[in-house]
Amino acid sequence: MRPQPFTLHFNPKLSLNASGKHVRDGLSTVLCTGENLWLSCDERTSVERLRLTGPQEYGHHTSYSLAELLDLPADAESEIDIEGLASTDHYLWLIGSHSLKRKQPDPDHENVAKQIAKLAKVESDPNRYLLARIPLLLNEKTGDFELHKTAPHPTRANETLQAAQLHGDDDSNELMDLLAQDPHLKPFMALPGKDNGFDIEGLAATPDGRLFVGLRGPVLRGWALVLELLPEFDKHGRLRLGKIGGEQKYYKKHFLDLGGMGLRELRLSGDDLYLLAGPTMDLDGTIAVYCWPNALNQAEDSLIGPDKIRRYFDVPHGHGPTAGKDKAEGMAMLDGNQVLIVFDSPTDARKPAAQQVVADAFRLPKP
């Protein structure tokens, strides 16, 4: 399947993080609202907004600092590792990876023992444990969607939209506390994401208030996992997990047979979920787009075999001289017929000019 290229243009004054990494080199998720694209880089504490400027181009880059909209556990220079964006009911939802990270050794360093010792060091970043919503409203004059800390509801006169997040300790939150006791996930909570440990990479929000959270890891004997949550807004202005699927149950678990791949993105279309899936470990491997029909109507925990999932197409990735490059990480629904894929670590071929990167739009098969 031949994709259609879309060129994304970024503002050089907004595009570098504290360590000098450009936003285009670490795109981790993408969402479409109207004529806007929302993107995040996995090493920033901001979300980026672009606007459709041509038939296959997005530009007019705006950056929103999340430290100005939310109460981040750590400072604004400490990465959130945003891995999921979703929108519903005048809110932008976002989620961090919630994962641990292992130190990266340098094989060319003269002190080999020191570099080997790095592999024994596992770190936790408080900002990664973020699940939040931010008011998202259309500016009728500009045609752009905008983020606000608080804002009047556009159609309900007595209601105020308010930014909120799931609370907990600095290196945890209510969701992590629950999953630490889960019989399937407990053994993986202390493992870094790239070691098949717990690692979130996908978010979808439904009109009735539920969230579907995709896990890149762990993958259990070839089965990927999607969590279904029902967040609620309490009287103190905080998000809490509501009961779902049982009297004392705060999440559902849906296991999907994706042939050993983990989730990298979730996108909603009616009652179906489109899935971007790829390797859970830090390696090159098959990346594919699936459809999970009727995903929103699972009354209880579920086991979804390959006969209940449609595999649509594979997404090309780096290999050989481009190994470790062009890793598909984000997927947006452009319309009912196309998905737009963005890539982490893009090759030079995807960067035709300074401040630009090329994304790929794939046409979906007809039902």
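1. Phe-6 sits in strand β1, which covers residues 4-9. In this predicted model, Phe-6 is buried, at a relative accessible area of 5%. Its C-alpha lies 5.1 Å from that of Ala-359, although the two residues are 353 places apart along the chain. Ala-359 is also among the residues that Phe-6 touches. Leaving out residues up to four places away in sequence, the others are Pro-55, Gln-56, Glu-57, Tyr-58, Leu-334, Leu-340, Val-357, Val-358 and Ala-361.

2. Trp-38 belongs to strand β3, residues 36-41. This tryptophan is buried, with a relative accessible area of 0%. Beyond its neighbours within four places in sequence, Trp-38 is in contact with residues including Thr-29, Val-30, Leu-31, Thr-33, Val-47, Glu-48 and Arg-49. Tyr-64, Leu-85, Leu-136, Phe-145 and Leu-147 are also in contact with Trp-38. From Trp-38 to Leu-50 the C-alpha distance is 6.5 Å, at a separation of twelve residues in sequence.

3. The largest nonpolar core has 33 residues. Within this core, the residues that touch the most other members are Trp-93, Leu-179, Phe-198, Val-213, Leu-215 and Leu-229. At least two core residues come from each of β7 (91-96), β10 (131-138), α2 (174-179), β15 (199-205), β16 (211-220), β17 (223-229) and β19 (239-241). Strand β16 gives the largest share, four residues. As general background, nonpolar side chains in soluble globular proteins tend to be buried together.

4. What does Val-213 touch, not counting residues up to four places away in sequence? The list is Ile-95, Ile-200, Gly-202, Leu-203, Leu-225, Val-226, Leu-227, Leu-229 and Leu-266. A second core, separate from the largest one, has 20 residues, and Leu-66, Leu-69, Leu-70 and Leu-94 are among them.

5. Why does the structure hold zero disulfides? The sulfur of Cys-32 has its closest cysteine sulfur in Cys-291, 19 Å away, which is too far for a bond. For Cys-291, the closest cysteine sulfur is in turn that of Cys-32, at the 19 Å already given. A disulfide would need the two sulfur atoms within 2.5 Å. Both cysteines are buried: Cys-32 has 17% relative accessibility, and Cys-291 has a relative accessible area of 0%.

6. The largest pocket holds about 990 Å³ of space. Its lining consists of 31 residues, and those nearest the centre are Lys-101, Arg-102, Gln-104, Lys-194 and Asp-282. The elements giving two or more residues to this lining are β8 (101-102), β15 and β26 (327-333). By class, the lining of the largest pocket comprises 21 charged, six polar and four nonpolar residues.

7. The count of cavities of 30 Å³ or more comes to one. About 40 Å³ of space lies in the largest cavity. Its lining is made up of Arg-264, Pro-279, Leu-283, Asp-284, Gly-285, Ile-287, His-317 and Lys-327. Three of these lining residues are nonpolar, two are polar and three are charged.

Key
Residues are numbered from 1 along each chain as its sequence is written. This is a predicted model: local features need pLDDT of at least 70, side-chain atom pairs count only at pLDDT 80 or more; totals for chains, interfaces and linings use all residues. Side-chain values use heavy atoms; hydrogens and water are left out. A nonpolar core is a set of buried Ala, Val, Leu, Ile, Met, Phe, Trp, Tyr and Cys residues joined through side-chain atoms within 4.5 Å. Buried means under 20% relative accessible area, exposed over 50%, partly exposed in between (1.4 Å probe, protein chains only). Contact means heavy atoms within 4.5 Å. On a 1 Å grid over the protein atoms alone, a cavity is a set of points where a 1.4 Å probe fits but cannot get out, and a pocket is an open set with protein on both sides within 12 Å along at least five of seven lines; lining residues have an atom within 4 Å of a point. Grid points are joined across faces, edges and corners, and a volume is the space filled by probe spheres set on the points. Ala, Val, Leu, Ile, Met, Phe, Trp, Tyr, Cys and Pro count as nonpolar, Asp, Glu, Lys and Arg as charged, and the others, Gly among them, as polar.
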